[in-house]
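Let's walk through this structure together, one region at a time. Please have the sequence and the 3D view open as you read.

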Amino acid sequence: MDRNRFYIEKIRFHLQEEDTLLIRGWYSQNNPQKRQVKVYLDGQELATKVSIKSGVTVRQRYLRYQENISEELTIQVKLPKDWQNKKQLSVVDTRNSAQWLIEKVSVKQLKKKQNSVEYFIETANVSENILTLSGWGIGTKELALTLKLDGKPAKDVTIKKNYRRDVMEVFEEVGNSYEAGFQISTSVAGVKKVEVILESADKKSVYKTSVAAAASGKGSAAGINAFQKFFIYLRKEGVSATFNRIRVKLFHKKDTFTYERWLKDNQITKSELEEQRKETFSYEPKFSIVVPLYMTKESYLRALIESVANQTYANWELCFADGSGEGSPLEKIIKEYQKRGLDIQYEILAENKGISENTNAAIKMATGDYIVLADHDDIVAENALYECAKAINADKNIDVLYSDEDKIDMAGKKYFDPNFKPDLNMDLLCSMNYICHLFVVKKTIIDKIGMLRSEFDGAQDHDFILRCVEVAQSVYHIPKVLYHWRCHINSTAANPESKLYAFEAGRKAVEEHYKRIGVPAKVEHSSFYGMFHTKFCWEEQPLISILIPNKDHIEDLKKCMESIEQKSTYRNFEFVVIENNSTEEETFAYYKEIAKKENVQVVYYKGGFNFSKINNFGAQYAKGEYLLLLNNDTEIITPECLQELLGYCMREDVGIVGAKLCYDDDTIQHAGVVIGFGGMAGHAFIESSRFDTGYMGRIMCAQDYSAVTAACMMTKKSVYNAVGGLTEALEVAFNDIDYCLKVRELGKLVVYNPYAELYHYESKSRGMEDTPEKVERFNSEVAKFCERWEDILQKGDPYYNPNLTLDKADFSLRV
């Protein structure tokens with residue numbers, strides 16, 4: 001297989017320019033061989049115009065291919081006026097005189113494309129004889145939708161349209177006001193066949209399904225079988241795009257398969273569960289599992305109750321608040337389990353007041369010491385309450401507990417998408433609700449902070465969790481999967497625009513958190529829904545002293561300093577260049593030139609290379625309250641880089657802030673440090689794409705880590721002095737990790753901020769560990785580091801997870 005070939009994602013007609021084709025795709029290695037795509041019509045080459053996009057949106061669009069795709073090519077092809085009289089279009093990948101045929105499309109197929117409305121039906125279902133169809137469609141003009149039932153125009157049809165940012169990112173020429181999304185609902189009592197006619201100007205498409213197919217969940221893309229998908233996709237998108245989809249299935253198995261294997265090796269055994277049932281604790285807290293109900297599917301409700309009934313720890317109660325209204329069909333099911341002797345509190349609410357108020361009604365019934373939040377269609381692992389009771393008995397100060405979780409498919413058979421979380425990570429929690437389930441809180445905490453707040457519906461759990469952990473004496477993370485969240489296995493394809501209210505509620509919840517703790521901050525939505533970007537609003541603009549050790553390589557130094565001078569939006573900084581054993585005359589001439597500037601000092605360190613000593617020496621000359629340790633082979637990417645670092649560093653609870661560092665090929669060099677990687681410590685997500693999200697979005701989220709690299713590290717000067725700066729016995733290796741761990745011992749946080757981005761051209765100044773003396777020094781420093789930090793090396797990094805591998809930097813599962 002030619003890994004460097006061009007892959008076609010879609011061929012379509014431009015929606016505004018007549019007789020113009022758009023061919024969208026990518027090169028898997030971002031075209032290192034400088035190939036060209038050429039287009040022929042019956043052998044005659046056509047003029048093409050190529051545009052290239054890169055960045056987060058491109059990376060997000062192609063995540064399913066798992067190939068770090070960060071560049072998207074769009075080839076615009078102007079067809080001749082007589083193209084409809086021709087026979088075949090060919091797309092050819094070329095390099096020099098070599099050619100590779102990528103795709104052949106008949107003119108007959110092109111005519112069909114030209115006359116059709118682009119559309120996609122995402123969901124089709126029937127409930128109580130009401131058919132609901134949702135999806136998107138787009139054409140040259142506003143989309144008109146009509147519905148036929150058994151061949152006759154439907155009456156009393158409700159059609160709602162909505163804006164779809166994901167669709168507009170692909171069909172950019174239409175403009176941002178186009179409402180491509182739609183939801184159609186109508187009664188289908190006695191109906192067999194359904195047709196949706198989509199029209200836009202002179203374009204028309206017809207979608208057909210049966211009521212039976214919709215009722216069984218097979219009326220949409222999610223419901224059809226693999227062979228149907230193959231032929232539909234082949235007919236619509238052609239051989240090349242279809243081949244791409246097959247290639248993904250065959251050569252890039254999803255994490256669900258890996259997780260299935262992991263489960264076989266790590267799932268709790270029946271004998272272990274039986275041992276737990278026999279165990280008694282000196283303190284046996286009562287757990288109240290609170291669940292809001294609303295027209296819950298019977299099978300889901302039974303699965304939830306059975307999962308609680310099977311708990312290996314016995315002191316619990318279930319509290320159900322049913323918002324289904326008088327005559328709720330759920331009452332019969334609940335009474336059945338109550339007759340079996342299960343401790344179930346149940347109340348039918350006078351009205352459905354929404355997720356928050358319904359949950360609050362369940363909390364009011366609770367008599368337990370700890371409240372456990374659960375959703376009405378999820379499953380609690382058999383050992384969940386046992387693990388909570390065990391943790392509480394080990395530490396009576398625990399006020400809040402949470403566990404790892406995974407997802408379970410709608411049939412309740414397949415487990416997938418595990419979320420293995422770090423211990424309490426407040427900055428990650430402010431970036432997204434990573435805690436979610438299982439969440440357990442002491443009842444006295446709720447008495448103090450209040451219950452769920454309906455103004456945050458959609459993100460009510462995020463708001464509640466933030467308020468709980470703010471006042472908790474101790475928050476404990478159980479690194480075991482104790483909760484199974486029921487979710488459609490293809491739900492990532494669902495329309496995120498429909499949950500904008502929830503994302504906005506989450507943003508407000510984080511902003512409210514900062515107000516409560518007295519930190520001035522503005523919270524914005526990030527490039528990815530459900531992730532948030534905090535911008536701190538400090539009034540002060542303190543001086544930053546940028547310490548740059550340097551030995552010759554003045555071109556690197558110049559690029560580094562000029563990138564800050566020319567790009568940085570934050571202007572109150574000084575440079576302290578620390579000269580160390582340069583030999584070239586040009587270097588010293590450059591020092592004289594830059595020393596004339598008001599905000600530049602050049603200081604001269606005498607002695608052999610010792611990174612710790614050099615920086616400690618330079619820090620003595622720093623006038624600023626904040627130090628930025630910076631390698632001379634770096635270049636800032638984001639103009640807000642200094643501001644982003646400083647924003648976090650000015651917080652009282654923060655001692656150090658690190659940045660996202662990238663190699664010049666846009667792969668990651670540093671996105672935080674995990675203690676234990678490679679046996680010692682290593683950079684997270686190294687060599688992943690700069691535009692990747694990482695495991696559970698962690699590349700993209702500001703968060704706390706145990707350490708960050710000193711290639712770009714901001715710290716308070718007061719903190720630097722308090723711990724004695726860098727440890728000078730560590731001349732080269734691990735001195736930055738050691739410094740971070742010393743600062744952590746002070747109780748200060750180390751934060752990784754992905755919004756501060758730099759290129760790092762990687763240690764051009766120093767050379768390799770290529771002599772016996774250097775190797776011995778390195779081994780000696782490893783021994784010193786291990787001796788000093790034996791405890792964390794043995795226990796594991798609290799900001800990682802013991803279920804994830806230490807052999808690779810991608811947060812994959814531990815085998």
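A good place to begin is a salt bridge: the side chains of Glu172 and Lys53 meet with an N to O distance of 2.1 Å. Keep in mind as you look at it that this is a predicted model. The two partners come from distant parts of the chain, 119 residues apart. Glu172 sits in the loop between helix 3 (165-168) and strand 14 (181-187), while Lys53 belongs to strand 5. How exposed are the two residues? Glu172 is partly exposed, with a relative accessible area of 48%, and Lys53 also counts as partly exposed, at 29%.

This pair is part of a wider set, since a search of the whole structure finds 40 salt bridges. Another of them joins the side chains of Glu142 and Lys161, at 3.8 Å from N to O. Glu142 lies in the loop between strand 10 (130-138) and strand 11 (144-149) and Lys161 in strand 13 (residues 158-162), so this salt bridge ties together parts that are 19 residues apart in sequence. Glu142 is exposed, with a relative accessible area of 65%, whereas Lys161 is partly exposed at 28%.

A local example can be found in helix 7 (residues 270-278), where Glu275 and Lys278 are three residues apart. That spacing separates them by about one helical turn, and they form a salt bridge whose closest N and O atoms are 3.7 Å apart. Lys278 counts as exposed, with 61% relative accessibility. Further along the chain, salt bridges link Lys660, Asp666, Arg690 and Glu757 in a network.

Now step back for the overall picture. The protein chain has 23 helices and 39 strands. Of its 815 residues, 55% are buried. The chain exposes about 36,900 Å², and carbon and sulfur atoms supply 49% of that area. Among contacts with a separation of 6 or more, 74% are between residues 24 or more positions apart.

With that in mind, return to strand 5, the home of Lys53. In what order do the strands of its sheet run? The sheet is open and has four strands in the order 1-2-6-5, with antiparallel pairing. Strand 1 (6-13) and strand 5 (48-54) stand at the edges with a single partner strand each, so one side of each has no neighbour in the sheet. From one strand to the next, the twist averages 20°.

Next, look at the pairing of strand 2 (residues 20-27) with strand 6 (residues 71-78): the two run antiparallel and are joined by six bridges. To follow the register, start at Thr20, whose bridge partner in strand 6 is Lys78.

Strand 2 also holds Ile23. Is this residue buried or exposed? At 0% relative accessibility, Ile23 counts as buried. Leaving aside neighbours within four places in sequence, the contacts of Ile23 include Phe6, Ile8, Lys10 and Ile11. Leu73, Thr74, Ile75 and Val77 are also among the contacts of Ile23, as are Val39 and Val91. Ile11 is 12 residues away from Ile23 along the chain, yet their C-alpha atoms are separated by 4.5 Å.

Let's move on to Ser474, in the loop between helix 14 (460-471) and strand 25 (475-486). Ser474 has 17% relative accessibility and counts as buried, because the cut-off for buried is under 20%. Beyond neighbours within four places in sequence, Ser474 is in contact with Asp395, Asn397, Ile398, Asp399 and Val400.

The last stop is helix 15 (residues 500-517), which has 18 residues. From its first C-alpha to its last, helix 15 reaches 26 Å, close to the 26 Å expected at 1.5 Å a residue. Its buried residues include Ala502, Phe503, Ala505, Gly506 and Arg507. Further along helix 15, Ala509, Val510, Glu511, His513 and Tyr514 are buried too. What covers these buried residues? The cover includes helix 12 (426-431) and helix 14, along with strand 26 (521-525) and strand 27 (532-536). Just after helix 15, Gly518 takes a positive phi of about 80°.

Key: Residues numbered from 1 in each chain as written. Predicted model: local features only at pLDDT ≥ 70, side-chain atom pairs only at ≥ 80, totals over all residues. Heavy atoms only, no water. Buried < 20%, exposed > 50% of the residue type's maximum accessible area, 1.4 Å probe, protein only. Contact = heavy atoms within 4.5 Å. Areas by Shrake-Rupley, 256 points an atom, 1.4 Å probe, with all protein chains shown as cover. Pairing = 2+ DSSP bridges. Axes fitted to C-alpha atoms, helices over the stretch in contact; angles between N-to-C directions. Salt bridge = Lys/Arg side-chain N within 4 Å of Asp/Glu carboxyl O. Expected span 1.5 Å × (residues − 1).
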